[in-house]
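User: Please take a close look at how strands and helices pack in this model, beginning with one sheet and the helices against it. State the cut-off behind each term when it is used.

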Amino acid sequence: MATRLPDSPKVGMVSLGCPKNLVDSERILTKLRSEGYRMSTDYAGADVVLVNTCGFLDSAKEESLEAIGEALAENGRVIVTGCMGKEAEAIRTRFPQVLAITGAHEYEQVVEAVHSAAPPIPSPFVDLVPEAGLKLTPRHYSYLKISEGCNHRCSFCIIPSLRGDLVSRRPDAILREAEKLVAAGTRELLVISQDTSAYGIDIRKEPRMWKGREVVPHMTDLARELGQLGAWVRLHYVYPYPHVDQVIPLMAEGLILPYLDIPFQHAAPNVLKRMKRPANEARVLERLKAWRAIAPDITIRSTFVVGFPGETDADFEYLLDWLDEAQLDRVGAFRFEPVEGAAANDLDGAVPEAVKEERYARIMERTAAISAAKLQAKIGREIDVILDAVDEEGGATGRSMADAPEIDGEVFLRDVTGREVGDIIRVRVEDADEHDLYGAPV
């Protein structure tokens with residue numbers, strides 16, 4: 001007579017915040033799945049719910065608290081992890097019924113808490129985990145985290161207090177994970193960390209063997225190796241250190257995507273000094289020109305903060321003029337928001353909220369115009385597009401090499417037949433607006 005295996009506990013996951021948090025969630029779920037746990041897509045079906053929180057901004061903290069409250073109301077059995085885990089006392093004061101609270105990337109503690117809340121049921125009969133692990137992103141693209149923490153002490157940021165100083169992963173471990181992801185269907189690797197340019201400075205004297213050759217733990221060497229795996233490789237959170245210049249030729253060679261996500265934050269020397277960030281904006285403009293000479297199709301995306309304490313009208317005008325000259329392809333902006341524990345809270349010169357709103361509207365208008373002009377210049381060109389969605393009527397949505405998922409623009413296509421999500425196709429651009437392109441397969 002057949003033996004019926006007992007049902008394993010189900011775990012639900014609410015993952016908030018940045019892609020680095022998403023990777024943490026994937027690792028936690030992969031570990032739990034390897035132990036036999038099943039995943040629940042709703043509150044009702046879960047034996048316990050994990051809420052992976054973000055604690056970078058007060059608004060993000062409030063979103064995390066709301067998510068915890070919702071999970072408790074809908075399920076009642078909740079474990080909290082992530083960046084806001086550093087504020088366990090505040091969480092317990094508001095939600096005393098939470099089962100456990102752990103900090104960012106404390107994987108073992110999270111798993112132990114799940115074991116206590118919903119003990120696993122051992123079964124030697126089945127292997128429940130794909131070799132590449134469990135993912136919360138679509139099958140065709142994956143985030144690849146190369147380090148934890150950050151050595152910078154920017155006055156507006158509390159990430160080092162949440163995640164600690166830089167800790168780089170071994171290059172062979174990163175490449176092994178990337179290889180498994182590509183073998184499992186990943187067509188695009190999105191390299192992330194708090195500071196991708198700093199990768200390896202803590203283990204620079206510890207090269208590792210990979211495929212019979214030595215790989216130095218350095219951003220350029222790692223990018224070169226990743227570029228040989230047959231997938232798009234996109235670099236995020238790159239500080240413009242001098243050695244970033246060495247990566248641009250890899251883009252010209254086609255090894256990695258001609259795309260850099262650089263968090264400039266501002267351009268005015270006075271503001272950068274108060275932010276405790278490098279203030280060499282003129283040199284950056286020279287380097288942008290040099291990069292474009294080597295890789296003409298390079299896309300530069302960045303983020304900026306407006307209304308930082310002490311930002312004057314002249315500082316803001318300086319930023320707008322700098323953006324006109326820099327001609328960045330993709331720009332996001334944020335109104336300054338105090339974060340509990342950040343040094344910037346003690347600075348004088350607070351900018352009124354109405355002024356922040358006015359500056360935010362102006363920077364978005366200025367950068368949208370730059371983006372629109374750049375996209376208009378692509379009309380008539382042929383570009384490669386990775387497909388994110390395909391419908392039965394021949395419509396499809398994808399992204400060019402200039403577009404990272406979730407944060408950049410999209411390419412809307414017609415007359416797409418016989419194609420699947422994850423396919424990379426050649427497209428002729430027929431139209432454009434401020435952020436997106438429109439076209440058809442060649």
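Analyst: The answer begins with one sheet, follows its helices, and then turns to other parts of the chain.

This is a predicted model, in which local features need pLDDT of at least 70 and side-chain atom pairs count only at pLDDT 80 or more, whereas totals for chains, interfaces and linings use all residues. Residues are numbered from 1 along each chain as its sequence is written, and side-chain values use heavy atoms, with hydrogens and water left out.

Five strands form an open sheet in the order S2-S1-S3-S4-S5, with parallel pairing. Strands and helices are DSSP runs numbered from the N terminus, with at least two residues (E) for a strand and at least four (H or I) for a helix; two strands pair if DSSP finds at least two bridges between them. Strand S2 (38-40) and S5 are the edge strands, each pairing on one side only. Three bridges link S1 and S2 in the parallel sense, and one partnership joins Gly 12 to Ser 40 in S2. H1 packs on the sheet, where it touches S1, S2, S3 and S4, and its direction makes about 175° with that of S1. Contact here means heavy atoms within 4.5 Å; angles run from 0 to 180 degrees between N-to-C directions, with axes fitted to C-alpha atoms, for helices over the stretch in contact. Helix H2 (residues 58-74) lies across S1, S3 and S4 and runs at about 175° to S3.

Helix H4 (residues 107-117) also belongs to this picture, with Val 110, Val 111, Ala 113, Val 114 and Ala 117 as its buried residues. These residues are on the same side of H4 because they cover an arc of only 155° around the axis, the arc being that of the directions from the helix axis to the C-beta atoms. Buried means under 20% relative accessible area and exposed over 50%, with partly exposed in between (1.4 Å probe, protein chains only). On the face turned away from the buried side, H4 carries the exposed residues Glu 108 and Ser 116. The buried residues of H4 pack against strand S1 (10-15), helix H1 (19-34), strand S3 (48-53), strand S4 (78-82) and strand S5 (100-101).

Parallel pairing is also found further along the chain. Strand S6 (residues 141-145) is joined to S9 by five bridges and runs parallel to it; Tyr 141 has Glu 188 in S9 as its bridge partner. Strand S9 (residues 188-192) is in turn joined to S12 by four bridges, again parallel, and Leu 190 is partnered with Arg 234 in S12. In a regular strand the side chains alternate between the two faces of the sheet. In S9, Glu 188, Leu 190 and Ile 192 point one way, Leu 189 and Val 191 point the other way, and all are buried. Strand S12 (residues 232-235) is likewise covered on both faces, with Trp 232 and Arg 234 buried on one side and Val 233 and Leu 235 on the other.

The loop between S9 and strand S10 (208-210) holds Ile 201. Ile 201 counts as partly exposed because its relative accessibility is 38%. Leaving out residues up to four places away in sequence, Ile 201 touches Asn 151, Leu 166 and Ser 168.

In strand S14 (residues 299-306) sits Thr 303, which counts as buried at 18% relative accessibility. With the same sequence exclusion of up to four places, the contacts of Thr 303 are Ile 262, Pro 263, Phe 264, Gln 265, Gly 332 and Phe 334. Helix H11 (residues 313-326) contains Trp 322, which is buried with a relative accessible area of 5%.

A search of the whole structure finds three cavities of 30 Å³ or more. A cavity is a set of points on a 1 Å grid over the protein atoms alone where a 1.4 Å probe fits but cannot get out, and its lining residues have an atom within 4 Å of a point. Grid points are joined across faces, edges and corners, and the volume is the space filled by probe spheres set on them. The largest cavity holds about 50 Å³ of space. Its lining consists of Asp 329, Arg 330, Ser 371, Lys 374, Leu 375, Lys 378 and Ala 402; helix H12 (residues 353-376) gives the largest share, three residues.

Another five strands make a closed barrel, running S16-S17-S18-S20-S19 with mixed pairing. Its neighbouring strands are turned by 50° against each other on average, direction ignored. Strand S19 (residues 424-432) and strand S20 (residues 437-441) run antiparallel and are joined by five bridges, with Asp 431 opposite Tyr 438 in S20.

Methods:
On a 1 Å grid over the protein atoms alone, a cavity is a set of points where a 1.4 Å probe fits but cannot get out, and a pocket is an open set with protein on both sides within 12 Å along at least five of seven lines; lining residues have an atom within 4 Å of a point.
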